[in-house]
Amino acid sequence: LSEMVKKRKKLTHKEVRYFMLQLLSGLEYMHSNKVIHRDLKMGNIFLNANMEMKIGDFGLAAKL
């Protein structure tokens with residue numbers, strides 16, 4: 001995701017909504033499984049070829 005933002009300098013409102021829904025869905029999944037990421041930043045959010053968001057780098061994550 002950060003590469004896309006760096007290249008284009010901005011996202012459309014529609015893209016922001018699309019990515020935010022994916023991010024919130026991922027966070028809801030992690031929290032329902034009692035996992036807290038603790039290092040969520042653009043560098044730890046990845047997009048695959050289908051524009052699906054993946055959250056990575058769970059090195060600082062905590063299990064409650």
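Colleague: Is aspartate 57 buried, partly exposed or exposed?

Modeller: This is a predicted model, and aspartate 57 lies in the loop between β3 and β4 (62-63). Its relative accessibility is 44%. Buried means under 20% and exposed means over 50%. Aspartate 57 falls in between, so it counts as partly exposed.

Colleague: What is the phi of aspartate 57?

Modeller: Aspartate 57 is not a glycine. Even so, its phi is positive. The value is about 60°.

Colleague: Which residue in the loop between β2 and β3 has a positive phi?

Modeller: Look for a residue other than glycine with phi near 65°. It is partly exposed, with a relative accessible area of 31%. It is found in the loop between β2 and β3. The residue is methionine 51.

Colleague: Which residue with a positive phi follows α2?

Modeller: Helix α2 covers residues 13-32. The residue that follows has a positive phi, near 60°. That residue is lysine 34.

Colleague: How far does α2 reach from its first C-alpha to its last?

Modeller: Helix α2 has 20 residues. At 1.5 Å a residue, 28 Å is expected. The model comes close to that, with a reach of 28 Å.

Colleague: Why are the buried residues of α2 on the same side?

Modeller: The buried residues are Phe19, Gln22, Leu23, Leu27 and Met30. An α-helix has 3.6 residues a turn, so residues three or four places apart point the same way. The buried residues of α2 are on the same side because the arc they cover around the axis is only 135°.

Colleague: Which residues are exposed on the other side of α2?

Modeller: The buried residues pack against α1 (2-8), β1, β2 and β3. The other side of the helix has exposed residues. They are His13, Lys14, Arg17, Leu21, Glu28, Tyr29 and Ser32.

Colleague: How far apart in space are isoleucine 55 and glycine 26?

Modeller: Isoleucine 55 is found in strand β3 (residues 53-55). Its contacts, leaving aside neighbours within four places in sequence, include Leu23, Gly26, Leu27 and Met30. Isoleucine 55 and glycine 26 are 29 residues apart in sequence. From C-alpha to C-alpha, the distance is 7.4 Å.

Colleague: Is asparagine 44 buried or exposed?

Modeller: Asparagine 44 has its place in the loop between β1 (35-36) and β2 (45-47). Not counting residues up to four places away in sequence, it touches His37, Asp39, Lys54, Ile55, Gly56 and Asp57. Its relative accessible area is 5%. The cut-off is under 20%, so asparagine 44 is buried.

Colleague: Which residue has its backbone oxygen 2.6 Å from a polar atom of the side chain of asparagine 44?

Modeller: Asparagine 44 touches several residues, including His37 and Asp39. The backbone oxygen at 2.6 Å from its side chain belongs to aspartate 39.

Colleague: Which residue forms a salt bridge with aspartate 39?

Modeller: Side chains of opposite charge can pair when their charged atoms come close. Here the closest N and O atoms are 3.9 Å apart. The partner is partly exposed, with a relative accessible area of 46%. The partner is lysine 41.

Colleague: How far apart are the closest N and O atoms of arginine 8 and glutamate 15?

Modeller: The whole structure holds two salt bridges, and arginine 8 forms one of them with glutamate 15. Arginine 8 is partly exposed, at 38% relative accessible area. The closest N and O atoms of the pair are apart by 2.6 Å.

Definitions and conventions
Residues numbered from 1 in each chain as written. Predicted model: local features only at pLDDT ≥ 70, side-chain atom pairs only at ≥ 80, totals over all residues. Heavy atoms only, no water. Helix = DSSP H or I, 4+ residues; strand = E, 2+ residues; numbered from the N terminus. Contact = heavy atoms within 4.5 Å. Buried < 20%, exposed > 50% of the residue type's maximum accessible area, 1.4 Å probe, protein only. Polar contact = N/O pair within 3.5 Å; in protein donor to acceptor, adjacent residues only side chain to side chain. Expected span 1.5 Å × (residues − 1). Arc of directions from axis to C-beta. Salt bridge = Lys/Arg side-chain N within 4 Å of Asp/Glu carboxyl O.
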